[in-house]
Amino acid sequence: MSSSPVVERRATRGQLFIVSAPSGTGKTTLVERLVQCVPGLRMSRSYTSRPARVGEQDGVDYNFITRERFDMMVREGQFLEWADVFGNYYGTSAADTEALLARGEDVVLVIDVQGARQVRSRGIETIGIFVLPPSAAALEQRLRGRSKDSEEQIRRRLQVASAEVDEYSQYEYVVVNDEIEAAVGRLQAIVGAERARVRRVREDAEAIIGTFHS
Ligand code: 5GP
């Protein structure tokens, strides 16, 4: 990226990105790579009632909590959005997200389509990116390849996927995850373009414009 202040500096408040995709599309890997190469962009850490998988760490991959605590957080209105995904509960803390945005970080929520709908319905300004697999067959192959699901679970995931992909047009951008590096590059381009919007950089641009008129 250029060192021009107009490209590099961000307005005070961060922007909220949402990435959704059917299970098995590789969205988490993509976003993990994205936040590694884009300064000032953070992936939100969700709360979930599902048990940690081997290799997952509490406070790193998710905040793993009990179903009772999850229900309590729902009752107390602590979630910006929450959803039941394949029988487990997942939610984004409103306070955690607000703290990041308020200190000028851009935040990415990697959430399912139900959660994305809830955030939008609150009238919050978001930039939605829908990640598509190259085809239904490619998704099926990936789900089988990662071999963590039973045949029944794979069928269920494919069924849910076919309903989820129909929602792509509710998002601002679509990225096809055909090849990981290329897809990360496209995500990076989207973040860069959103950061360069006139309303985001007006203050910096005005400062430069001012040097022409002094
Ligand atoms: P997994 O259990 O494989 O980590 O995630 C299952 C699904 O839950 C994924 O589609 C993921 O995007 C979604 N998910 C993870 N965190 C959240 C969240 O905070 N809210 C919502 N609505 N979905 C989430």
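A residue counts as near a molecule when one of its heavy atoms lies within 4 Å of that molecule. Keep this in mind for the first close-up, and remember throughout that the model is predicted.

**View 1. The shell of residues around the ligand.**
Here we look at the ligand and its neighbours. The ligand is surrounded by 15 residues, and the closest are S46, R50, Y62, Y90 and D112. Two strands, β5 (79-85) and β6 (88-93), each supply at least two residues of this shell. Which atoms of the ligand sit opposite the polar side-chain atoms of Y62, Y90 and D112? For Y62, the partner is an oxygen atom of the ligand, 2.5 Å from a polar side-chain atom of the residue. Y90 also has a polar side-chain atom facing an oxygen atom of the ligand, at 2.4 Å. With D112, the ligand atom is a nitrogen, and the distance is 2.7 Å. On its own the ligand has 520 Å² of accessible area, and the protein covers 91% of that.

**View 2. F86, in the loop between β5 and β6.**
The two strands from View 1 are joined by a loop, and F86 has its place there. Take a look at the backbone: phi of F86 is near 50 degrees, which is a positive value in a residue other than glycine. Is F86 buried, partly exposed or exposed? Its relative accessibility is 33%, so F86 counts as partly exposed.

**View 3. S44, a buried loop residue.**
S44 is found in the loop that runs between β2 (41-43) and β3 (47-48). Buried means a relative accessible area under 20%, and S44 has 16%, so this serine counts as buried. Who are its neighbours from further along the chain? Leaving out residues up to four places away in sequence, S44 touches T92, V107, V108 and L109. One of these, T92, falls within strand β6 (88-93), which you met in View 1.

**View 4. G24 and its partners from far along the chain.**
This close-up shows how residues with distant numbers can meet. G24 lies in the loop between β1 (16-20) and α2 (27-37). With a relative accessible area of 15%, G24 is buried. Apart from residues up to four places away in sequence, G24 touches L139, R142, L143 and R146. How far apart in space are G24 and E140, given that 116 residues separate them in sequence? From C-alpha to C-alpha, the distance is 8.3 Å.

**View 5. A salt bridge along helix α3.**
Within the structure there are 18 salt bridges, and this view picks out one of them. R67 pairs with D71, and their closest N and O atoms are 3.1 Å apart. Both residues belong to helix α3 (residues 67-75), where 4 residues, or about one turn of the helix, lie between their positions. R67 is partly exposed, at 36% relative accessible area. D71 is partly exposed too, at 25%.

**View 6. E151 in a network of salt bridges.**
E151 has its place in helix α7 and is partly exposed, with a relative accessible area of 41%. One salt bridge links E151 to R144, with the closest N and O atoms 2.8 Å apart. R144 is itself partly exposed, at 36%. A second salt bridge joins the side chains of E151 and R155, this time at 3.9 Å from N to O. Why are E151 and R155 separated by about one helical turn? They are 4 residues apart in helix α7 (residues 151-164), and that spacing is the reason. Through salt bridges that share partners, E140, R144, E151, E152 and R155 become one network. For a sense of scale, the C-alpha atoms of E151 and Q15 are separated by 39 Å, and these two residues are 136 places apart along the chain.

**View 7. Confidence, and the start of the chain.**
The last view is about how the model should be read. Across the protein chain the pLDDT averages 93, and 95% of the residues score at least 70. Where does pLDDT stay under 50? That happens over residues 1-7, for which the model has 12 contacts beyond four places in sequence. Where pLDDT is low, the predicted coordinates should not be read in detail.

Technical notes:
Residues are numbered from 1 along each chain as its sequence is written. This is a predicted model: local features need pLDDT of at least 70, side-chain atom pairs count only at pLDDT 80 or more; totals for chains, interfaces and linings use all residues. Side-chain values use heavy atoms; hydrogens and water are left out. Buried means under 20% relative accessible area, exposed over 50%, partly exposed in between (1.4 Å probe, protein chains only). Contact means heavy atoms within 4.5 Å. A salt bridge is a side-chain nitrogen of Lys or Arg within 4 Å of a carboxyl oxygen of Asp or Glu. pLDDT is the predictor's confidence in each residue, from 0 to 100. A polar contact is a pair of N or O atoms within 3.5 Å; within protein, one must be able to donate a hydrogen and the other to accept it, and residues adjacent in sequence count only if both atoms are side-chain atoms. Accessible areas come from the Shrake-Rupley method with a 1.4 Å probe; for residues, only the protein chains shown count as cover.
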